[in-house]
Amino acid sequence: MKRRILLYTILCCLILVVGFATAEIPKPEKVLGFKIGTDKKVADMHQIVDYFQRLDTASGRVVVREIGKTTLGNPFIVAIVTSEENQQNLETYRQYQQLLADPRKISEKKADEIISKGKAVVMINCSIHATEIGASQMSMQLAHDLAAKNDEDTRRILDNVILLLVPMHNPDGIQMVVDWYKKHLESEWEGSRMPWLYHKYVGHDNNRDWYMFTQIETRLTIQVHNRWHPQVVLDMHQMGNTGARLFVPPYVDPYEPNVDPILTQQVAAMGSFIASELTSQGKGGVMHSTIFDAWTPARAYHHYHGGIRILTEAASVKIATPVTIPFDGLQDEVKTRSVKMPLPWKGGRWTLKDIVDYDYSAARAVLTHAAGLRKNWLRSFYKIHKKAVERSEPPYAFLVAANQKNTPSAVSMLSILQMGGVEVYRADAAFQADGRSYPQGTTIVYTAQPYGGFAKALLEKQVYPEIRETPGGPLKTPYDVVAHTLPLLMGVDVVQIDEPFKVQTTLLKEIKKPAGTLSKIDDASCYAWGHATNDDIIALNRLIAKGHSISWTAEAVDIDGRTIPPGTMIVSQKPGLFQDMEAIIGDLYVQFEALTNPPDASAYKLKPVRLGLYKSWTASMDEGWTRWVLEQHEFPYESVFDKDIREGHLNDRYDVILFPDIRESQIIQGLSEKEVPPEYAGGIGEAGIEEIRTFVQNGGTLITLNSSSEFPIKHLYLTVENCAADLDRMAFFIPGSILRVINDPGHPIAYGYDRISEIFFRRSPVFSASEGTSVVRYPTHEPLLSGWANGDNHLFNKSAIVDVPYGQGKIILIGFPAQYRAQSQGSFRYVFNAIFYGAAVFIDGHQ
Ligand SMILES: [Zn+2]
């Protein structure tokens, strides 16, 4: 009996051991019910998360972590994939990465030791653009194979590489896109575009956020990046379907000059290796050295943190519905064999399976390269940082004065740098630099530090190189915008220092916003505060929401022994006000000052604004960014759809209607019924134009941003001309640059601005107005501050913001993207001011 029990126990143990050793790694098709890449089948966010959790349970090689929640509260997961042995020592390898990233902390000898023992770290970021869904599907197959297979190549990858796999950078979007796709399967709109953004706020622009870090998903990914410092980041996208089947680097010129040349070469090496692997597998149409450049840090955090960014762009299908592209339908560039693409694709059927296969091969190639040349990757990584910390050429530092006109933006700018790993110091004593004296407390950002290149790229002015399509021909269109100078975007005073200098400093752990102030006197009749920061505007919104009575002084006025400028905000005394202001200075840098008497001056009396934000079914990113910016600054608003405008009675619902940067034709016509189901088709149409005209005639305010200004100019017959409308690229071309403008500080839209300030200019109109007031103008010379401007003479003395009276209302044309990608913080207040001004009542103090 006892022997039987013993035998039974041994048998059970054996089953357990064998069972564990061969624990079934779930195949994607078993869990999903279809093979990855099957036509018209696509896994949604829940299925992908579920699959990865199963892998985590089944495999010692895969650890899945939920590192936070997305914008819509969904799980954001990262899978760490490596050998079981490496998983046991993960923290050690992470420490190695930290040390190689900061050579000041280790000797050369120690570095050699780490390089021989460490692992290459690769991050794969899938489907940041949710409609480019192939990579998110592929990620499950890749993780499965790494968990399940034991061939020599897989083992080498697992032993030498730690893979950080982000199966979905935008899980919210994956879910939206799959829901939309499934809803319209087998209908006329199968594979159609979704008429809203696939991210709550920013849609496709979610990969333009890698230096401002505004969105949750960006911040979560940056956290992983900063913990692990990957040597390679593979960023997997899709593009249109008549060009190459897969784009891989090298990129085309220009590279942003702060990217280390080692990385430029490594990008080329890795891209070429992917191309050679796919070509040897017979996968045609892989192309490099085309379209994509490496200029803006908004898409390439990694290039400033010791890692390469490998962008892949596969040709798209209609989500999971195959397409057929005959050879004749392909772009000329991809029809013939060339050094950029030695194996052309023959045309024909192209499916989700093809995308998954190409993506899979690209991901395996990256892992193979990183594993095979592990030591080279680690050594180069170390050298990049060694060069960075030993930098000894100008500029040596950037100084940020403690005393700023816009303190909240200065704090925000320094916090961004810190989030990007930049060390920020405070001077413990007064010092001299470049022949000038700076006080104790000045903030210093040295360029000689591990991520000094990141700081330098964001703090200096960009000089975009002049690259022409042909000698003497037009400028080659940059892939993206060309300026990213934070001090100019945010309105912060920063000084560049070009000579070495010495001062005792303290490293700042955290940049804290100083507390606001609130003065107290017994017989205060009102309180005044400034107009120069976004915090001032948030304070205004909070006080208005609490029902306080607020006005803007409309002229300079002497009060309590000093002069306050026009635009000073005044709130009347009332029970509860003091507590409300006390609450505000808890988190905002606002300086409330008690006044004995109210200012004896003309003023704009403000009221709660019933704000409508136009929302088109064309899924405008700019609309999303505008919503984001309004919400961050606590503006109440309602979205206004085409149908609402067509139905009219707009004055009953709104005081101000704001049109984001949407082209006039899209506003009027929207999308066609061929593109989207009928409920989303059509724009505001002729009926909508009439209703907008009635709204303004009856006293409403229309505000248009950037290209949408064309709509009132054309359809409401303003005598304002867009002088740039007919200029071609040879004559006038400013592809996303920062320009100098001249404000009329006496006009409410420019309240809080100095005479000279900065704006971002991109595909913008240039106004010549024969009616209304030019609130903001371009100077008569040298408008360019950062980036590139061809034909800037077309700007000279022209208007950038025009305020046009119209019936009982007004039309405010803001001829530039004042809220651009939430990056141009310094010019947000033009929009904010226009909103309040739109509903304000002028009180003449001299009657
Ligand atoms: Zn993309």
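**Burial, ring pairs and a helix crossing**

Visitor: Why is W350 called buried?

Guide: In this predicted model, W350 has a relative accessible area of 1%, and since buried means under 20%, the value places W350 in that class. Y358, at 6% relative accessibility, falls under the 20% limit as well and therefore counts as buried.

Visitor: What makes the aromatic pair of W350 and Y358 edge-to-face?

Guide: A search of the whole structure finds 40 aromatic pairs, and W350 with Y358 forms a pair at 5.1 Å centre to centre, with 80 degrees between the planes. The centres lie within the 6.5 Å required for a pair, and the angle is over 60 degrees, so the term edge-to-face applies.

Visitor: How do you know that the rings of F761 and Y778 are edge-to-face?

Guide: Their centres are 6.1 Å apart, within 6.5 Å, and their planes stand at 75 degrees, over the limit of 60, so this pair is also edge-to-face. The pair links distant parts of the chain, with F761 in strand β32 and Y778 in the loop between β34 and β35, 17 residues apart.

Visitor: Why is helix α5 called oblique to α6?

Guide: The axes of α5 (residues 90-100) and α6 (residues 108-117) come within 10 Å and cross at roughly 135 degrees. That angle lies neither over 145 degrees, as roughly antiparallel requires, nor between 65 and 115, as roughly perpendicular requires, so α5 is oblique to α6. The contact is made by Y93, Y96, L99 and L100 of α5 together with A111, I114, I115 and K117 of α6, and these residues divide into seven nonpolar, no polar and one charged.

Key: Residues numbered from 1 in each chain as written. Predicted model: local features only at pLDDT ≥ 70, side-chain atom pairs only at ≥ 80, totals over all residues. Heavy atoms only, no water. Axes fitted to C-alpha atoms, helices over the stretch in contact; angles between N-to-C directions. Helix = DSSP H or I, 4+ residues; strand = E, 2+ residues; numbered from the N terminus. Parallel < 35°, antiparallel > 145°, perpendicular 65-115°, else oblique. Contact = heavy atoms within 4.5 Å. Nonpolar A, V, L, I, M, F, W, Y, C, P; charged D, E, K, R; others polar. Phe/Tyr/Trp six-rings, centres within 6.5 Å; stacked < 30°, edge-to-face > 60°. Buried < 20%, exposed > 50% of the residue type's maximum accessible area, 1.4 Å probe, protein only.
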